[in-house]
Structure formats: C-alpha cells, structure tokens
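Here are my notes for you to read with the model open beside them. Go through the points in order and find each residue as you reach it.

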Amino acid sequence: MQATIIAGAALLAGCESTPESHVVSAPPPSAPGTVVVAQPQPTQPSQVVVVQAPPAVQQEAVTARPSSDHVWIAGYWTWRDNRYEWIAGRWEVPPHSSATWIAPRWERLSDGTYRFYEGYWN
C-alpha cells in the first residue's frame with residue numbers, strides 16, 4: 001500500500017492545481033482546550049470535548065422559505081480552529097419526506113467540560 005501512495009504522490013507531483021498533501025501515521029496533537037475523545041470511524045464523526053462553555057445562541061432572522069419542501073435548520077456554535085464558530089441557519093431539503101432534523105447540541109459533562117454532537121437527518 002505504501003508503494004501505491006508513493007506512486008500516486010509521484011504522479012500528482014506534476015499537477016499544479018493539486019494541493020500539497022502529507023501522509024501521517026498518527027493524528028496531530030489536540031489543540032489547547034480541546035480533547036478528542038474518539039477518532040472518526042467510517043460511519044461516525046469524531047467527538048470533541050471542549051473546556052470552555054459555548055456562547056449563547058445567536059438570534060437570527062429567518063429568510064423567506066424557498067419552497068414548501070424546505071425545512072429551516074437553525075444556526076449553532078461549532079468548534080473550529082481552536083475557537084467557537086457560529087454556523088448560520090439555512091433552508092435545506094430533507095433527504096426524504098419523513099425525515100426529521102435532529103439539531104446539533106452541546107452537552108455539559110460531569111467533569112465540567114462540553115461535548116459537541118453533530119446534527120443529522122433522522
């Protein structure tokens with residue numbers, strides 16, 4: 001497999017539009033204030049535990065509904081680049097007619113840290 005990766009890297013070396021990539025054998029260390037408690041699995045996103053409490057939810061103006069098929073997904077705080085980042089609300093078409101949106105959430109753990117759970121269609 002390593003030979004395949006090296007061969008693929010050599011093939012892409014001449015492509016100017018391909019960004020530089022690196023093969024790593026271990027994940028990088030966690031950022032201060034963040035602890036990754038589970039590595040991503042093929043069907044499961046990583047779980048992040050943060051020492052700081054998330055900010056209060058921001059008030060948003062809901063824009064006009066594009067169609068009767070669209071569902072409003074409210075904005076929320078996520079953790080990116082070692083800080084909280086607001087993800088603005090948006091209209092989205094569910095993957096099927098009986099799907100319901102399970103909103104992302106932060107849960108305070110018994111040790112005083114906060115775990116983030118991604119939103120998803122159920």
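1. Let's start with Glu-92, which is partly exposed because its relative accessible area is 22%. That label depends on cut-offs: buried is under 20% relative accessible area, exposed is over 50%, and partly exposed is in between, with a 1.4 Å probe and protein chains only. Glu-92 makes a salt bridge with Arg-90, and the closest N and O atoms are 3.0 Å apart. By salt bridge I mean a side-chain nitrogen of Lys or Arg within 4 Å of a carboxyl oxygen of Asp or Glu.

2. Before you go on, some ground rules: this is a predicted model, where local features need pLDDT of at least 70 and side-chain atom pairs count only at pLDDT 80 or more, while totals for chains, interfaces and linings use all residues. Residues are numbered from 1 along each chain as its sequence is written, and side-chain values use heavy atoms, with hydrogens and water left out.

3. Now stay with Arg-90, the partner of Glu-92 in that salt bridge. Arg-90 sits in strand E6, residues 90-92, and is partly exposed at 30%. Helices (H or I, at least four residues) and strands (E, at least two) are DSSP runs, numbered from the N terminus. Leaving out residues up to four places away in sequence, Arg-90 touches Val-71, Trp-72, Ile-73, Tyr-76 and Trp-101; contact means heavy atoms within 4.5 Å. Try the distance from Arg-90 to Val-71 yourself: they are 19 residues apart in sequence, and their C-alpha atoms are 8.4 Å apart in space.

4. Zoom out for a moment. What does the secondary structure of the chain come to? There is one helix and 10 strands, and along the sequence the pattern reads α-β-β-β-β-β-β-β-β-β-β. The chain has 122 residues, and 18% of them count as buried. Look at contacts with a separation of 6 or more: 40% of these join residues 24 or more positions apart.

5. Next, find the largest nonpolar core, with 11 residues in all. A nonpolar core here is a set of buried Ala, Val, Leu, Ile, Met, Phe, Trp, Tyr and Cys residues joined through side-chain atoms within 4.5 Å. Its members include Val-48, Val-50, Tyr-76, Trp-86, Trp-106 and Phe-116. Strand E2 (47-50), E4, E5 and E9 each give two or more residues to this core. As background, nonpolar side chains tend to be buried together in soluble globular proteins.

6. Tyr-76 is a handy core residue to click on. Apart from neighbours within four places in sequence, Tyr-76 is in contact with Glu-85, Trp-86, Ile-87, Arg-90, Pro-104 and Phe-116. So you meet Arg-90 again, this time from the Tyr-76 side.

7. Which residues have a positive phi in the loop after E4? Asp-81, with phi near 50°, lies in the loop between strand E4 (76-80) and strand E5 (83-87). Asn-82, with phi near 70°, is found in that loop between E4 and E5 too. Asp-81 counts as exposed because its relative accessibility is 67%, whereas Asn-82 is partly exposed at 37%. Most residues other than glycine have a negative phi.

8. Move along to the hairpin of E8 and E9, which has five residues between the strands. E8 and E9 pair in the antiparallel sense over four bridges; two strands pair if DSSP finds at least two bridges between them. One bridge links Trp-106 to Phe-116 in E9. In this hairpin, Gly-112 takes a positive phi near 90°.

9. Is Thr-113 buried or exposed? Thr-113 is buried because its relative accessible area is 14%, and it lies in the loop between strand E8 (105-108) and strand E9 (114-117). Its side chain and that of Asp-111 make a polar contact of 2.6 Å.

10. Last, the charges: the structure holds four salt bridges. Glu-85 and Arg-80 meet in one at 3.1 Å, N to O, and Glu-107 forms another with Arg-105, at 3.7 Å. Through shared partners, salt bridges join Arg-80, Arg-83 and Glu-85 into one network.

Definitions and conventions. A polar contact is a pair of N or O atoms within 3.5 Å; within protein, one must be able to donate a hydrogen and the other to accept it, and residues adjacent in sequence count only if both atoms are side-chain atoms.
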